[in-house]
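Open the model in your viewer and keep the selection tool at hand. Each stop below says what to select and what is there.

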Amino acid sequence: MPTKAIKPALTDSLRSLAKCQLEMQTARSAALDGGALGVMAGGAAVTAIVIGTRGTHELWIVALVLLGLSLGLAVRTLRLPGAEETGPSVAAMREARKTQGDNKLEESLLEDLAKDLQTNDQALIRKGPLFDRALTFLMLAIVV
């Protein structure tokens, strides 16, 4: 842990940057969750159409399998934790302020923000490909 004090202007800039990044990560996570819900709704609609119009070819079974895979991946996307962290808890900061000096608290705040950014980034890295695969299987089912 560095012992050199961080200048207030730099601290404000770092905090502002971290806040913006956390907001972007949260928005991306919400967009992926919304997209997964859309894939599930689209999959349900396509499934109803496929079952209702069973063609003479056995391709409708392939379409149902692809739709099942799409649904499974979309559900898995929703179940993964998202970028829900929005920084250190205010209550924890108030408690820490009683026992730590302002400089130490400032350092702790920046470290917590950096950890949250890394955690959220890893969550989005796991969610993105699952959503892409779910959408791909839905599109393949529609093509079939």
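The tour goes from the whole chain to the cores, then to polar pairs, and ends on the surface.

**Stop 1: the whole chain**

Start with the cartoon view. This is a predicted model. The protein chain has four helices and zero strands. Read from the N terminus, the order of elements is α-α-α-α.

Now colour by burial. The chain has 144 residues, and 29% of them are buried. Switch on the surface. The accessible area is about 9400 Å², with 63% of it supplied by carbon and sulfur atoms.

How far apart in sequence are the residues that meet? Take contacts between residues at least 6 apart in sequence: 88% of them join residues at least 24 apart.

**Stop 2: the largest nonpolar core**

Select Val39, Val46, Leu67, Ala74, Phe131, Ala134 and Leu138. This core has 17 residues, and these seven touch the most other members. Helix H1 (8-52), H2 and helix H4 (102-143) each give two or more residues to it. Which element gives the most? H4 does, with six residues.

Hide the rest and look for a second group. Another core, of five residues, lies apart from the largest one. Ala18, Leu22, Leu109 and Leu113 are among its members.

**Stop 3: two core residues up close**

Go back to the largest core and centre on leucine 67. Set aside residues up to four places away in sequence. Leucine 67 then touches Gly43, Val46, Thr47, Leu138 and Ala141.

Next, select alanine 74 in helix H2. Is alanine 74 buried or exposed? Its relative accessible area is 1%, so alanine 74 counts as buried. Show what surrounds this residue, again without neighbours within four places in sequence. Alanine 74 is in contact with Ala36, Val39, Met40 and Ala134.

Draw a distance line from alanine 74 to alanine 36. Their C-alpha atoms are 4.9 Å apart, although 38 residues separate the two in sequence.

**Stop 4: threonine 77**

Stay in helix H2 and select threonine 77. Threonine 77 is buried, at 0% relative accessible area. Where does its side chain reach? The side chain of threonine 77 comes to 3.4 Å from the backbone nitrogen of phenylalanine 131. Phenylalanine 131 was one of the core residues selected at Stop 2.

Show the contacts of threonine 77, leaving out neighbours within four places in sequence. Leu32, Asp33, Ala36, Lys127, Leu130 and Phe131 appear. Keep Asp33 and Lys127 on screen for the next stop.

**Stop 5: the salt bridge**

How many salt bridges are there? The count is one. Select lysine 127 and aspartate 33. Their side chains meet in a salt bridge, 2.3 Å from N to O. Lysine 127 is in helix H4 and aspartate 33 in helix H1, so the pair ties together parts 94 residues apart in sequence.

Now compare the two partners. Lysine 127 has a relative accessible area of 0% and is buried. Aspartate 33 is at 21% and counts as partly exposed. The cut-off explains the label: buried means under 20%, so aspartate 33, at 21%, does not qualify.

**Stop 6: a second polar pair**

Stay on helix H4 and select asparagine 120. With a relative accessible area of 1%, asparagine 120 is buried. Add glutamine 25 to the selection. The side chains of asparagine 120 and glutamine 25 make a polar contact at 3.3 Å.

**Stop 7: out to the surface**

Turn the surface back on. Select Leu59, Val62 and Val144. They form a nonpolar patch on the surface, with about 240 Å² of accessible area together. Leucine 59 belongs to helix H2 (residues 59-79). At 47% relative accessible area, leucine 59 is partly exposed.

Finish with isoleucine 142 in helix H4. Isoleucine 142 is partly exposed too, with 48% relative accessibility. Add leucine 64 and draw the C-alpha distance. The two atoms are separated by 9.9 Å, while the residues are 78 apart along the chain.

Note on methods
Residues numbered from 1 in each chain as written. Predicted model: local features only at pLDDT ≥ 70, side-chain atom pairs only at ≥ 80, totals over all residues. Heavy atoms only, no water. Patch = residues over 30% accessible without salt bridge, like charges linked within 9 Å, V, L, I, M, F, W, Y side chains within 5 Å. Areas by Shrake-Rupley, 256 points an atom, 1.4 Å probe, with all protein chains shown as cover. Salt bridge = Lys/Arg side-chain N within 4 Å of Asp/Glu carboxyl O. Buried < 20%, exposed > 50% of the residue type's maximum accessible area, 1.4 Å probe, protein only. Core = buried A, V, L, I, M, F, W, Y, C linked by side-chain atoms within 4.5 Å. Contact = heavy atoms within 4.5 Å. Polar contact = N/O pair within 3.5 Å; in protein donor to acceptor, adjacent residues only side chain to side chain.
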